[in-house]
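Colleague: I'm new to reading models like this one. Could you talk me through it?

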Amino acid sequence: MPEETEYLLEGITPKEKAAILMVALGRDHSSKVYKHLSDEEIEQLTLSITALQSFDQETRDAVVDEFYDLCVTQKYISEGGIDYARDILIEAMGNEKADELIARLSASLRVRPFDFLRRADDAQVANIIQNEHPQTIALVLAYLKPQKAAAVLGTLDESMQAKVVERIADMGSVSMEYIRQVERILERKISSMGAEETTAVGGVDMVVELLGATDRGTEKNILETVEVDNPELAEEIHKRMFMFEDVVKLSDPDLQKVLKEIDNDVLTVALKGTTEDIANKIFANISKRLHDLIVENMEYMGPVRVRDVEQAQQTIVNMIRRLEDAGEIEISRGGDDDQLIV
């Protein structure tokens with residue numbers, strides 16, 4: 001993209017560029033683009049078009065040229081990966097512009113490092129990284145989808161799991177040069193990809209999402225270990241995620257909504273061996289008939305495997321999280337800031 005084009009686009013926001021592009025494409029082509037957007041994206045784009053100030057033909061052409069460059073870059077990436085795209089773009093427009101286009105496309109289209117690992121199955125990923133340093137494993141897992149990262153995390157030794165989680169939480173920004181070095185090491189087994197500058201990765205939110213996708217046994221073990229090694233981090237994680245022990249924090253109406261969705265057999269197993277506080281909270285929100293039935297069933301069922309209890313408890317937690325996502329219940333998080341003043 002020529003320097004003149006860069007100058008013309010200075011100060012124009014991405015939303016304004018999108019609006020200008022839609023105007024430049026015309027009604028017929030823009031309507032086809034709209035069909036591929038979410039309701040929220042359509043709303044935001046329409047608002048940007050409505051608020052759009054007048055612009056000259058040079059600005060319009062500059063926006064279209066930039067869009068074209070990004071489309072070409074994405075095509076090269078799709079055909080052969082980021083390294084392939086960078087090599088071709090460097091020949092066409094120079095090293096600096098090639099890296100700029102790839103970096104911007106990586107951010108906007110979520111072209112992320114370690115894509116070859118996201119395509120591999122869980123066992124392959126586990127075999128590739130199991131002997132790596134905890135920091136390297138943390139870096140890789142931070143770029144995987146939470147479900148996949150959780151599955152790989154569960155294959156690691158228990159002592160390693162907590163170390164990896166702590167490093168994910170503390171990761172922050174990571175040099176893309178370091179990421180490329182790690183990719184080159186792992187490339188010998190599958191493939192490689194890269195980008196430029198730095199990118200935000202990991203963090204406590206990633207840990208919460210990751211733990212939420214693990215089984216309850218792995219979740220409990222990691223949190224118990226983190227509580228010993230890093231109490232402040234453990235407290236922050238607890239504030240941001242809901243666990244079975246937190247059912248006592250639910251309001252009675254919200255807990256009743258949850259229990260209506262839970263099979264009686266699952267509830268019976270989940271209560272087997274739980275704390276008195278949790279049992280009392282749940283029993284206070286079910287009918288006396290159901291209470292008596294569960295107590296009777298618990299007495300006659302005998303010993304229950306810990307794994308089965310944890311699975312039943314996780315079923316309840318998943319329902320709570322699902323109802324919260326749907327806006328049907330509200331989970332109180334944090335400390336004094338969540339209290340009401342009457």
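Modeller: Let's start with a word we'll need a lot: a residue is buried when its relative accessible area is under 20%, exposed when it is over 50%, and partly exposed in between (1.4 Å probe, protein chains only). What you see is a predicted model, where local features need pLDDT of at least 70, side-chain atom pairs count only at pLDDT 80 or more, and totals for chains, interfaces and linings use all residues. Residues are numbered from 1 along each chain as its sequence is written, and side-chain values use heavy atoms, with hydrogens and water left out.

Colleague: Okay, is Asp246 buried or exposed?

Modeller: Its side chain forms a salt bridge with Lys249 (3.3 Å, N to O); that term means a side-chain nitrogen of Lys or Arg within 4 Å of a carboxyl oxygen of Asp or Glu. The relative accessible area of Asp246 is 9%. That is below the 20% limit, so Asp246 is buried.

Colleague: How many salt bridges are there by this rule?

Modeller: In general, side chains of opposite charge can pair when their charged atoms come close. One pair here is Arg60 with Asp61, at 3.2 Å, N to O. Arg60 is partly exposed at 30% relative accessible area, and Asp61 is partly exposed too, at 31%. By this rule, the count of salt bridges is 6.

Colleague: How many residues apart in sequence are the parts that Glu66 and Lys17 tie together?

Modeller: Helices are DSSP runs (H or I, at least four residues), as strands are (E, at least two), all numbered from the N terminus. The side chains of Glu66 and Lys17 meet in a salt bridge of 3.2 Å, N to O, and both residues are buried. Glu66 sits in helix 4 (residues 57-93) and Lys17 in helix 2 (residues 14-34), so the pair links parts whose separation in sequence is 49 residues.

Colleague: And how many helices and strands does the chain have?

Modeller: The chain has 342 residues, and 41% of them count as buried. As for its DSSP elements, the count is 19 helices and 2 strands.

Colleague: Which helix gives the most to the largest nonpolar core?

Modeller: A nonpolar core is a set of buried Ala, Val, Leu, Ile, Met, Phe, Trp, Tyr and Cys residues joined through side-chain atoms within 4.5 Å. The largest one has 44 residues, and those with the most contacts inside it are Phe114, Leu141, Val164 and Ile237. Several helices each supply at least two of its residues, including helix 7 (122-129), helix 10 (158-169) and helix 11 (176-187). With 7 residues, the top contributor is helix 8.

Colleague: Which residues does Thr136 touch, not counting residues up to four places away in sequence?

Modeller: Thr136 belongs to helix 8 (residues 134-143), and Thr136 is buried because its relative accessible area is 11%. A contact means heavy atoms within 4.5 Å. With those sequence neighbours left out, Thr136 touches Tyr178 and Val182.

Colleague: How many of the residues of helix 9 are buried?

Modeller: Helix 9 covers residues 146-153 and is mostly covered. Its buried residues are Pro146, Lys148, Ala149, Ala150, Val152 and Leu153. Leu153 is also one of the contacts of Val164, leaving aside neighbours of Val164 within four places in sequence. Out of 8 residues in helix 9, the buried count is 6.

Colleague: How far apart in space are Ile12 and Thr59, C-alpha to C-alpha?

Modeller: Ile12 is in the loop between helix 1 (3-9) and helix 2, and Ile12 counts as buried because its relative accessibility is 18%. Not counting residues up to four places away in sequence, Ile12 touches Lys17, Ile20 and Thr59. Ile12 and Thr59 are 47 residues apart in sequence, and their C-alpha distance is 9.6 Å.

Colleague: Last one: what pLDDT does the chain average?

Modeller: pLDDT is the predictor's confidence in each residue, from 0 to 100. Residues 191-200 stay under 50, and the model has 44 contacts for them beyond four places in sequence. Residues 334-342 are also below 50, with 3 contacts in the model beyond near neighbours in sequence. Still, 81% of the residues score at least 70, and the chain average is 77.
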